[in-house]
Amino acid sequence: MLGGLTTLWWGTDGLTAITAESARRLDVQRHPRPLPVVALEDHNGAAASFADFSGKVILLDFVYTRCPTLCIALGTAFQQARDRIAGSSLEGRIVLLTVSFDPERDGPSDLADYADRYGGTDAVWRVLRAPSRDDTRDLLRVAKVIAVPDGFGGFVHNAAILVVDANGRLVRILDSDAVDEALATAHRLLLTG
């Protein structure tokens, strides 16, 4: 019984989180963490890195391009966010980054196809991948993204909008459809920066 209570205490962050996802979000909010230095590439195969966006707030999500469920919702959310950022005072200060966690099957043309489904990439929204499996693993570990192969060529994974401050630290994890909250959080970070 004591072992069960200890596990419950540990798994719920001292009974402050009801689910593992709640515990993940609380941990990031309490202990912001820098994104790892990883090599990224875009849909043209051009090199990129998180350092390219230094000084900007990043709204980040993780997908695999063949996903028939959660990734569609994330693409739609980022399309809405881009539409709200473009032409506003936030343009040039907030960037949306979608990163594939399946670099073996999501090559540059797959990234381009995914982006095109939601209006394509531009100065506000970039779709990227970390071609190295080790870099992808490091990035997912820091972001606490779980992607488990489903046995059918896809993944079971958690989905969220991750907020990265202008110093490159992951500071918040929000629901995948929380566009208003993500933009408000980004705006606050820019004001208090």
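Which residue stands opposite Leu170 in β10? In this predicted model, that residue is Val164. The pair belongs to a set of antiparallel strand contacts that runs from β4 to β9, from β9 to β10 and from β10 to β1. The protein as a whole has six helices and ten strands. Its radius of gyration is 17 Å, close to the 16 Å that the globule rule gives for 193 residues, so the protein is as compact as a globular protein of that length.

**Overall dimensions and surface**

- The C-alpha trace spans about 55 × 45 × 30 Å along the principal axes of the protein.
- Of the 193 residues, 47% are buried.
- The protein exposes about 9400 Å², and 57% of this area comes from carbon and sulfur atoms.
- There are 20 positive and 25 negative charges, and the mean positions of these two sets lie 5 Å apart.

**Contacts along the sequence**

- Taking contacts between residues at least 6 apart in sequence, 69% join residues at least 24 apart.

**Strand β10**

- Strand β10 covers residues 169–174, and five of its six residues are buried, so the strand is largely enclosed by the rest of the structure.
- One of its pairing partners is β1 (residues 33–34), which runs antiparallel to β10 over two bridges.
- Within β10, Arg169 is the residue that stands opposite Pro34.
- Another partner is β9 (residues 161–164), also in the antiparallel sense, with four bridges to β10.

**The β9–β10 hairpin**

- Strands β9 and β10 form a hairpin with four residues between them.
- Gly168 in this hairpin takes a positive phi near 80°.
- Val164 of the hairpin faces Leu170 in β10.

**Strand β9 and its other neighbor**

- Both faces of β9 are covered.
- Ile161 and Val163 are buried on one side of β9, while Leu162 and Val164 are buried on the other.
- Val164 is thus listed twice here: as a buried residue of β9 and as the residue opposite Leu170.
- Strand β4 (residues 57–63) pairs with β9 in the antiparallel sense over three bridges.
- Leu60 has Leu162 in β9 as its bridge partner, and Leu162 is itself buried.

Methods:
Residues numbered from 1 in each chain as written. Predicted model: local features only at pLDDT ≥ 70, side-chain atom pairs only at ≥ 80, totals over all residues. Heavy atoms only, no water. Rg over C-alpha atoms; globule rule 2.2 N^0.38 Å. Buried < 20%, exposed > 50% of the residue type's maximum accessible area, 1.4 Å probe, protein only. Contact = heavy atoms within 4.5 Å. Areas by Shrake-Rupley, 256 points an atom, 1.4 Å probe, with all protein chains shown as cover. Lys, Arg positive; Asp, Glu negative; His and termini not counted. Charge placed at Lys NZ, Arg CZ, Asp CG, Glu CD. Pairing = 2+ DSSP bridges.
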